[in-house]
Amino acid sequence: PLTDPLPAASQLSGGAYPEKFLYFSGFDLWRSGGSFYGGMQWAPGGLNQDGFTLKLLIAEGTYRYLAGGTNIRGTGLLASILPGWRVKRDNIEIKIFAGLDLQNHRFSPDDPANGLRGDHAGLRVGADLWWEPTPNLMIASSVSGSTIGTNFNIRGAAGWRVEDRFWAGPEIETSGDQVYRQYRIGAHVTSLKWSAFEWSLGAGYVEDNSHRSGLYGRISVLTRR
């Protein structure tokens, strides 16, 4: 399903950066589908300052589901323009977004009963949380939902600092829409820095409401300017 992919929520070492732009991209794959995405965030006061931030996102995804015993391949394209606000207090950072969501859905073979067919415009809302209760522990969560087909994505993760280079730990996630659901449990590496880029990886077990299961893998990268 089309979800709202998110970059790593915080820099690893907690320093202040003067950059105003954050660019991100990545892909997510498993045996029955996947997605590719990219976008940017712009904060006129600085990425690490409280205040207004604008998120632009484009993504394309494919997935399979069963309808009346027929195996359907769905393909969706998403573009979102999401004004938002960032607030940080001590070791907790929260970002909230809401804005225009545009989607196009195609099915093979065609599924006339699926209300997602064709072009749609709606409202997308989302929130990201990053919390470091101790210097060596982080907790992150994200929630995103659209009025188009009740599309949603919820993710939670915990991580431990590894040699002041990245965070690693478990993650859980669920996503879906009016006809499809997916559930994941796995592990992640977040904010692995290499030159001007930060990489995040995830892998684990996935199952959907058509009783398909297997392994998933996810790679994303971001940079600040």
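## Walking round a predicted barrel

User: In this predicted model, strands S10 and S11 pair up: in which sense, and over how many bridges?

Analyst: Start by finding the two strands: S10 covers residues 181–194 and S11 covers residues 197–208. They pair in the antiparallel sense, and the bridge count is 11.

User: Which residue in S11 is the bridge partner of Arg184?

Analyst: Arg184 falls in S10, which spans 181–194, so we look across to S11, residues 197–208. There, the partner of Arg184 is Val206.

User: What do the strands build, and what is the average twist from one to the next?

Analyst: Follow the order from S1 through to S12 and you get a closed barrel of 12 strands, with antiparallel pairing. From one strand to the next, the twist averages 15°.

User: Where is the cis peptide bond at Pro109, and what is its omega?

Analyst: Pro109 sits in the loop between strand S5 (92–108) and strand S6 (118–134). The cis bond joins Ser108 and Pro109, with omega at about -10°.

User: What is phi of Thr150?

Analyst: Look in the loop between strand S7 (137–146) and strand S8 (152–162), where Thr150 is found. Its phi is positive, though Thr150 isn't a glycine, and the value is near 50°.

User: Is His211 buried or exposed?

Analyst: First, place it: His211 is in the loop between S11 and strand S12 (213–224). Its phi is also positive, near 65°. Relative accessibility is 69%, and the cut-off for exposed is over 50%. So His211 counts as exposed.

Conventions
Residues are numbered from 1 along each chain as its sequence is written. This is a predicted model: local features need pLDDT of at least 70, side-chain atom pairs count only at pLDDT 80 or more; totals for chains, interfaces and linings use all residues. Side-chain values use heavy atoms; hydrogens and water are left out. Helices (H or I, at least four residues) and strands (E, at least two) are DSSP runs, numbered from the N terminus. Axes are lines fitted to C-alpha atoms, for helices over the stretch in contact, and angles run from 0 to 180 degrees between N-to-C directions. Buried means under 20% relative accessible area, exposed over 50%, partly exposed in between (1.4 Å probe, protein chains only).
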